[in-house]
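Here's a quick tour of one model, from a strand pairing to the ligand site and the cysteines. Have the structure open while you read.

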Amino acid sequence: MKDQNQLVTARDVTVFFSLKKNGFFAKPYKVTAVNGVSFDIKRGETLGLVGESGCGKTTLGRAMIRLGHGVTGGHIEFNGRDISSMGKREFRALRKDIQMIFQDPFGSLNPRLTIGQMLAEVLKVHRLARGESARKRILELLDIVGLQKEYFNRYPHEFSGGQRQRIGIARALAVSPSFIICDEPVSALDVSIQSQIINLLKDLQKEFGLTYFFIAHDLSVVEYISDRVAVMYLGKIVEIADSRSLYEAPRHPYTEALLSAIPIPVPGGKKHRILLKGDQPGPLNIPSGCGFHPRCPKAMPECSIREPVLKSPQGEPDRLVSCLLYP
Ligand code: SF4
């Protein structure tokens, strides 16, 4: 029986795309950006997704709403319906319920439209409101995201980075979604503004019962907003646990290394930083066995041969780890 509390179910999700080599006779080759990823998101929770840039986290978020390459293997269910295989028309009807907030709010706003015009367009496309009722709704949205009603007639270039991100949030909220994919929503902002936007997202979640998939590379931000956190490396999820357990006692050596790099916010606070060898390899050079073995400080001889699977370590049913240290 399906768990009614589950909003998103992703199973063995793969995203690959073909790239062409230079040369007339060269055959295209396949790049796997997301490789067999599975996770669930419960209604009203925030699942954070962290990992170095290039690990596939943004590709995964975009594929969930069919931006970019889309899902090429496995499936994603939203509210019990398989959105990865449904027809374009059916997905368009459902798309209103799934919104995305982007990293670069300026790039995602039309510079030729005032904020009022841009939000009116969203309401019109989704047949939600027109004329005076649209105007009322837009003023309400501006108020919800903490912007003054005088901003209605201003253009995107007249706003600061934080204000633009508030506009991006208003645009996502305009269609009353239940699920929002937040793709690095604060990484382009100053630290003081970051906390305002994160607090706004938290307040909105409470007020409107929203569910978030929060993608970021900043682990402190993810810890603050997430109920559970998934760690991604080279297109795979290597650990998932509730936020507190993951930050207090990481199990996967990659999670340990990422967390060891977070500064301690007290004067003189120090911890042992785990320095990883080299860089994350590209998706064309995925190592054999465990993809992390060339950089792993705890690698064993079998790690280059056997591929670990994501499963619960003994005595921790709520955590999943992909590492041969936890048989
Ligand atoms: Fe490190 Fe081996 Fe675990 Fe991979 S399987 S994370 S190489 S110990």
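## Strands

Keep in mind that this is a predicted model. Let's start with one residue pair: T9 has D40 as its bridge partner, and D40 belongs to β2. That pair fits into a wider match, since strand β1 (residues 6-19) and strand β2 (residues 29-42) run antiparallel and share 10 bridges.

β1 also pairs with strand β4 (residues 73-78), again in the antiparallel sense, through five bridges. On this side, T14 sits opposite G73 of β4. As a rule, side chains in a regular strand alternate between the two faces of the sheet.

## The ligand site

Now for the ligand, which occupies the largest cavity. Which residues surround the ligand? The shell consists of H252, P253, C290, F292, H293, C296, K298, A299, C303, C323, L324 and L325.

By class, the shell splits into nine nonpolar residues, two polar and one charged. Several cysteines turn up in that shell, including C290, C296, C303 and C323.

## Cysteines

How many disulfides does a search of the whole structure find? The count is zero.

Take C55 as a test case. Why is there no bond from C55 to C290? The closest cysteine sulfur to that of C55 is the one in C290, and it lies 15 Å away, so the two are too far apart for a bond; the cut-off for a disulfide is 2.5 Å.

Are these two cysteines buried or exposed? C55 has 0% relative accessibility and therefore counts as buried. C290, one of the residues around the ligand, counts as buried too, because its relative accessibility is 14%, and buried means under 20%.

Methods. Residues are numbered from 1 along each chain as its sequence is written. This is a predicted model: local features need pLDDT of at least 70, side-chain atom pairs count only at pLDDT 80 or more; totals for chains, interfaces and linings use all residues. Side-chain values use heavy atoms; hydrogens and water are left out. A residue is near a molecule or strand if one of its heavy atoms lies within 4 Å of it. On a 1 Å grid over the protein atoms alone, a cavity is a set of points where a 1.4 Å probe fits but cannot get out, and a pocket is an open set with protein on both sides within 12 Å along at least five of seven lines; lining residues have an atom within 4 Å of a point. A molecule sits in a cavity or pocket if more than half of its atoms lie within 2 Å of its grid points. Ala, Val, Leu, Ile, Met, Phe, Trp, Tyr, Cys and Pro count as nonpolar, Asp, Glu, Lys and Arg as charged, and the others, Gly among them, as polar. Two strands pair if DSSP finds at least two bridges between them. Helices (H or I, at least four residues) and strands (E, at least two) are DSSP runs, numbered from the N terminus. Buried means under 20% relative accessible area, exposed over 50%, partly exposed in between (1.4 Å probe, protein chains only).
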